[in-house]
Amino acid sequence: SPRDPLLSVSSGAQVEAYVAETDLPYVSVGDTAAFIPESRAARITARVAAVDRVALSTLTEPSLAVPYGGTIPARFSDKALIPDTAVYRVRLTLDGISSVAVPLRGQVHIAGIRRSLLGHALQSVAAILIREWGM
């Protein structure tokens, strides 16, 4: 029935987000964030609780990998999903929500340190030049 609840929420809910290596220096504990579920539900405010400093060796949640409709590029190796790029786990606590009955997939927007797009582009060009010229 459309009136039956499909989800119940209680205290202590956490979100595990995954951040690319290039974005890791801009995320720190205490940053504010917003979790936006794929179900088009309203965004939920959150706060960064922990940032892993070691890249994931395997993905424990297959639904996040590209072969299963997620956004993290990964490949199979010995029945495990291995990320193709360095990916770091960021844990967030949801404001005002204690727990979620079912796992939700979505996007997280973290208000970390701002960076200049021009500066980022120049840094990328410099890295390529250094790599190609063997400096």
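How many nonpolar, polar and charged residues are in the lining of the largest pocket? In this predicted model, that lining has 25 nonpolar, 13 polar and eight charged residues.

The largest pocket has a volume of about 1,400 Å³. Its lining comprises 46 residues, and Ala17, Tyr18, Gly106, Gln107 and Val108 lie nearest the centre. Strands β2 (14-20), β3 (32-37), β7 (87-94), β8 (98-100) and β9 (106-110) each give two or more residues to this lining. The largest share, seven residues, comes from β2.

The structure also holds five salt bridges. Three of them are set out below.

| Salt bridge | Closest N to O distance |
|---|---|
| Arg89 and Glu16 | 3.9 Å |
| Arg89 and Asp52 | 3.1 Å |
| Arg75 and Asp84 | 3.5 Å |

Arg89 lies in strand β7 and Glu16 in strand β2, so their salt bridge ties together parts that are 73 residues apart in sequence. Asp52 belongs to the loop between β4 (44-51) and β5 (74-77), so its pairing with Arg89 ties together parts that are 37 residues apart in sequence. Arg89 counts as buried because its relative accessibility is 17%, and Asp52 is likewise buried at 17%. Glu16, at 40%, counts as partly exposed. Glu16, Asp52, Arg89 and Arg91 are linked in a network of salt bridges. In the pair of Arg75 and Asp84, Arg75 is partly exposed, with a relative accessible area of 44%, and Asp84 is partly exposed at 44%.

On the surface, Val125, Leu129 and Trp133 make a nonpolar patch of about 330 Å². Leu129 is located in helix α1 (residues 117-133) and counts as partly exposed, at 38% relative accessibility.

Terms used. Residues are numbered from 1 along each chain as its sequence is written. This is a predicted model: local features need pLDDT of at least 70, side-chain atom pairs count only at pLDDT 80 or more; totals for chains, interfaces and linings use all residues. Side-chain values use heavy atoms; hydrogens and water are left out. On a 1 Å grid over the protein atoms alone, a cavity is a set of points where a 1.4 Å probe fits but cannot get out, and a pocket is an open set with protein on both sides within 12 Å along at least five of seven lines; lining residues have an atom within 4 Å of a point. Grid points are joined across faces, edges and corners, and a volume is the space filled by probe spheres set on the points. Helices (H or I, at least four residues) and strands (E, at least two) are DSSP runs, numbered from the N terminus. Ala, Val, Leu, Ile, Met, Phe, Trp, Tyr, Cys and Pro count as nonpolar, Asp, Glu, Lys and Arg as charged, and the others, Gly among them, as polar. Patches are made of residues with over 30% relative accessible area and no salt bridge: like charges are joined within 9 Å, nonpolar side chains (Val, Leu, Ile, Met, Phe, Trp, Tyr) within 5 Å. Accessible areas come from the Shrake-Rupley method with a 1.4 Å probe; for residues, only the protein chains shown count as cover. A salt bridge is a side-chain nitrogen of Lys or Arg within 4 Å of a carboxyl oxygen of Asp or Glu. Buried means under 20% relative accessible area, exposed over 50%, partly exposed in between (1.4 Å probe, protein chains only).
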